[in-house]
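Please find below a note on the model under review. The points proceed from one sheet and its helices to the chain as a whole, and end with two backbone positions.

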Amino acid sequence: MCQVCDRGQATDPYNGAMYLRTLGGLELEGAQLSRPKPLLLLCYVSVEGSKSRVDLAELFYLDARDPMSSLRVALNHIRSDAEGALDLEGHRVDALVDSDARELLLAWERQDYQHMVSLYQGAFLDGFSLRDWPLELEEWVYGTREYLASLVRKAFLNLAQQVVQSNLNEAAKLATKGFKVAGAPDPEPEEFRQIYSLMVLGESPEALELKKLAQDYGFALEPLPVLGEASEQPTVTTTPNNLQLRSSSFVGRTQDLAEIKNLLMASSYRLLTLHGQGGIGKTRLVLQAGLELLQERQFKDGIYFVELEALTHSGQILPAIASVLGLTQTGADAIKQIAGFIGSKAMLIILDNFEHLADASTHCSELLGLCPNLKLLVTSREALNIDAEVIYMVKGLSLPSSDQIGLELALSYEVIQLFLDRAKRAKLSYQIAEDDLIYVIRLCHLLEGLPLGIELAAAGTKLMSAKEIYQAISEDYDSMFSPSRDLSERHKSLRATFDYSWNLLSQKEQMTLVQLAIFRGGFSRDAASKVVGATLPILRSLVDKALLRVNDEGRFDRHLLLYQYTLEKLEQDPNYPDLQAKHAEYFLALSEEAEPILIGKGQLEWLNKLELEHENLRVSLAWQLENDSEQAIRQASALRRYFEIRGYWEEGIAYLSQAITHAGEKHSESYLKAVYALGALLRSNFLNDKAEPYFNVAEKLAGSLSNQQVLADTLNQLAGIAWSRGDLDTSSELLDQSLDIKRLLNDKRGLAIAHGNIALLAKLNRDLDRAKEHYQEAYTIYDELADESSKAETLRNIGRVAILENDFSRAENQFYEALKIVLQVGDKKRQGWLLNDLACIACSKNQLESSLSLLKESEQYAKSFGTLRDVANVLQGYGLTYYAMNMVPEAKKCFGESLQLAQNGNYRDGIATAIEGLASVELKNGNFEGAVKLWGASRKLGTDTLLLKIYLKNRYEQDVAEAKAYLGKDVFCDYLTKGEMLSVDEVMDIVFALN
């Protein structure tokens with residue numbers, strides 16, 4: 001792990017002689033530091049990252065007479081007893097020692113679960129405490145302890161899932177260890193069921209014990225019974241209740257209802273809290289659960305619903321409960337009066353919207369203690385955090401995986417059923433038309449299955465189509481507003497729902513949530529800490545309040561519309577520009593850290609990491625282009641390989657072009673890197689004419705800056721451009737110059753590139769043994785460097801040599817091996833190339849349906865991530881296969897379109913291949929003279945990629961023999977010679993005339 005200092009230079013910040021142990025206790029190995037508070041301060045900075053002195057003084061010494069002076073004393077103790085443990089320059093403090101907690105978090109981010117469980121020697125700071133620590137600091141310790149332990153539990157479960165297919169017993173053992181992780185909070189119901197399932201699969205003897213424990217907890221570990229349609233009217237019952245039906249029907253939530261009722265009926269569960277963000281449908285869910293329990297004659301002494309939304313302080317909650325129960329006189333002893341009324345009755349009380357009365361949660365504990373058969377069902381955007389509480393997470397309705405499904409399948413989803421039901425309330429005749437279905441599904445995805453959002457959106461069908469609603473909400477979520485008078489104000493719009501949650505947050509939580517809007521598309525814990533200063537407990541608190549979500553990779557995000565809400569607030573914040581600058585600096589550092597790894601070991605891990613941060617990288621680059629041209633050219637050039645491998649070449653070209661334009665012509669290393677990077681990105685997509693001017697600038701600038709590395713790379717690129725024009729002498733001369741420099745620099749990667757170019761020239765000269773030898777040398781070096789993407793390209797080239805040797809079996813093996821690699825690294829452009837190669841081999845084996853299937857997949861990649869050249873190649877593959885299927889008109893069309901694209905892109909090989917295909921088509925159409933002329937023209941270009949001649953060799957030779965027999969040998973040779981003398985323009989005229 002490395003950081004980037006203020007000058008942007010990579011340094012190793014950690015003091016290897018010291019190591020901070022935090023898991024199972026707190027100890028700094030390799031130093032004498034033992035004072036508890038300075039040791040905890042070092043621990044805090046190690047886990048949370050660089051912090052300002054002011055923040056540390058307020059956190060650790062808020063009650064001191066002079067907090068800054070107390071902080072200086074503590075820092076001096078650390079400097080004295082653990083020299084080199086902290087970086088104390090400037091106004092910030094940073095740790096220079098590594099810790100097991102930090103190591104565990106990094107292992108989680110790279111999904112190294114085995115390392116996580118080996119690191120975990122006990123709960124975070126187990127047994128550590130201070131007599132006088134501030135409340136916020138104590139909350140940080142306990143919050144971090146639970147967070148780290150919960151990650152370790154997830155690590156155990158992930159490891160169990162990895163081995164479940166091969167070793168069921170081991171999977172069961174790992175799951176059990178996950179359940180028993182020291183310091184972890186109670187597992188979520190989903191985790192509980194996962195642990196039990198793994199135990200059962202592994203035939204663990206502890207499974208029965210766990211099942212009994214689950215029954216005590218109320219978890220439904222057996223398959224849940226499928227409920228029928230929920231009745232809108234309760235059956236006639238004498239059970240006391242005040243439940244009232246809502247005007248709209250209840251749709252879906254079948255599994256949620258079953259699980260909630262199972263939990264309430266379990267003997268050991270007394271208080272169940274439905275937790276989730278505003279608008280998720282908690283109130284409707286508890287009401288429906290209450291109605292169904294009433295129908296099933298549960299809680300014979302009463303089911304009561306207490307609405308808490310209108311209450312303004314916690315002192316009003318007991319009178320509200322008393323009023324619902326019919327008690328008219330309550331005073332100082334209200335809790336005793338209520339408990340006296342309930343006594344031992346079997347009763348369920350539903351407390352709706354508890355979040356703004358959190359300090360009244362102790363009343364719940366008292367009531368449960370005094371009333372042995374009472375159960376409480378609570379809805380809250382924030383946990384009550386009392387011992388009796390069990391939390392049930394309420395999530396959005398499940399969504400169709402694609403918007404390209406039929407109406408019948410779409411209607412099987414509860415989210416579509418809800419939309420249709422509410423749309424019919426707005427317009428009785430409304431039906432989802434086939435044309436509208438795609439926008440209904442997209443709308444549900446935009447709203448992430450949020451029931452309130454779905455209902456508000458569906459109300460718009462009275463005046464608009466689904467397409468118009470989708471477009472309106474995409475532009476402005478305030479367009480969703482309900483005029484209904486029987487809705488509470490906080491449910492009349494999404495903004496009101498968000499405002500309600502916002503007002504429940506502390507000032508620090510509000511500030512953090514707003515500042516986190518600087519991130520787009522999610523963010524890591526490290527980024528949140530370094531850019532915004534968000535600590536683990538603050539992040540955990542926002543997760544607990546359902547305002548942030550954390551995924552399996554440990555990244556945080558939030559509902560898209562909540563992001564828009566907080567972004568509006570951020571844009572009004574006077575600190576917004578400073579935050580933008582910090583965000584840009586962080587992602588510049590991340591990009592430059594990734595740059596050398598993208599051509600070596602760790603390539604896949606960092607490609608995936610950058611993919612997760614793609615939206616943040618875009619934001620960072622956009623800001624730099626407007627504000628800091630030097631940072632813009634540094635970041636854009638650092639990301640060149642990412643843009644190339646992952647198929648974002650158009651985006652990369654645009655960023656580099658703008659960065660260079662904004663920078664102006666400069667005599668600097670960063671400008672040289674950017675100019676070369678733009679040329680390389682253009683050439684990797686066969687835009688040689690556009691790339692060459694940049695390489696010419698790079699060649700001169702590299703010479704004047706004495707940058708031999710870039711000079712050698714540039715000469716190599718110019719050699720490739722010369723080769724593409726057929727100027728092999730110039731190409732060979734430039735390659736020799738580049739190779740001489742690479743040898744002087746002992747540049748392994750450069751030598752691998754040189755071997756590849758030598759192999760290419762050898763292949764063109766049909767010295768196939770020499771080509772194989774040099775490709776193998778290149779592959780060996782790339783393998784040593786762990787450059788997976790270059791390994792795949794070299795394997796593809798080895799396969800293409802095998803094709804020329806008529807060894808299709810070996811070629812196919814090479815192509816599949818290369819495909820396996822590019823699938824791993826996510827190199828979508830090369831996926832398209834290899835699928836096309838494999839389609840041609842399938843055609844040569846007469847596996848024509850398989851060929852068409854591979855071509856269809858290749859076409860998708862070519863159109864999404866490739867160039868006109870890639871599309872032309874796919875069209876040639878189609879032409880080859882159609883020709884093999886005797887579908888001559890289809891073959892002619894594909895070869896003709898391919899020729900047009902190849903000519904537009906000045907793609908020499910593509911022109912030759914398309915002409916060859918059209919020649920065979922003309923032969924089938926009886927135009928022997930035209931066919932032979934076109935053969936001559938294709939042969940003149942000297943290409944090694946002629947499809948029919950290679951993949952349908954017997955068919956091609958039969959065509960040639962037929963033409964010779966029809967025309968006679970001398971006439972055949974005459975037309976062949978005439979074809980060789982034609983220019984490309986003349987050939988195109990012939991082709992257009994034929995069409």
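Which strands does helix 11 lie across, and at about what angle does helix 11 run to strand 10?

1. Helix 11 (residues 282–295) lies across strand 9 (271–275), strand 10, strand 11 and strand 12 (374–380), and runs at about 165° to strand 10. Helix 12 (residues 317–325) also packs on the sheet, where it touches strand 10 and strand 11; its direction makes about 140° with that of strand 10. Contact means heavy atoms within 4.5 Å. Axes are lines fitted to C-alpha atoms, for helices over the stretch in contact, and angles run from 0 to 180 degrees between N-to-C directions.

2. On the basis of the coordinates: this is a predicted model, in which local features need pLDDT of at least 70 and side-chain atom pairs count only at pLDDT 80 or more, while totals for chains, interfaces and linings use all residues. Residues are numbered from 1 along each chain as its sequence is written, and side-chain values use heavy atoms, with hydrogens and water left out.

3. The sheet beneath these helices is open, with five strands in the order 10-11-12-9-13 and parallel pairing. Strand 10 (303–307) and strand 13 (389–393) stand at the edges, each with a single partner strand, so one side of each is left without a neighbour in the sheet. From one strand to the next, the twist averages 20°. Strand 10 and strand 11 (residues 347–352) run parallel and are joined by five bridges; V306 stands opposite L351 in strand 11. Two strands pair if DSSP finds at least two bridges between them. Helices (H or I, at least four residues) and strands (E, at least two) are DSSP runs, numbered from the N terminus.

4. A further open sheet has three strands in the order 5-7-6, with antiparallel pairing. Its edges are strand 5 (51–52) and strand 6 (86–87), each with a single partner strand, so one side of each is left without a neighbour in the sheet. Strand 6 pairs with strand 7 (residues 92–95) over two bridges in the antiparallel sense, and D87 has D94 of strand 7 as its bridge partner.

5. The chain has 48 helices and 15 strands. Of its 995 residues, 55% are buried (under 20% relative accessible area; exposed means over 50% and partly exposed in between, with a 1.4 Å probe and protein chains only). Among contacts between residues at least 6 apart in sequence, 69% join residues at least 24 apart.

6. The largest nonpolar core (a set of buried Ala, Val, Leu, Ile, Met, Phe, Trp, Tyr and Cys residues joined through side-chain atoms within 4.5 Å) has 154 residues, and L40, L41 and L42 have the most contacts inside it. Helix 6 (residues 135–163) supplies the largest share of this core, 13 residues. Beyond its neighbours within four places in sequence, L40 is in contact with residues including F60, F128, W133 and W140. A second, separate core of 75 residues includes A912, Y956, F972 and L976.

7. Two positions deserve a check of the backbone. Most residues other than glycine have a negative phi. F299, in the loop between helix 11 and strand 10, has a positive phi near 50°; at 9% relative accessibility, F299 counts as buried. S706, in the loop between helix 32 (688–704) and helix 33 (708–724), has a positive phi near 55°; at 55% relative accessibility, S706 counts as exposed.
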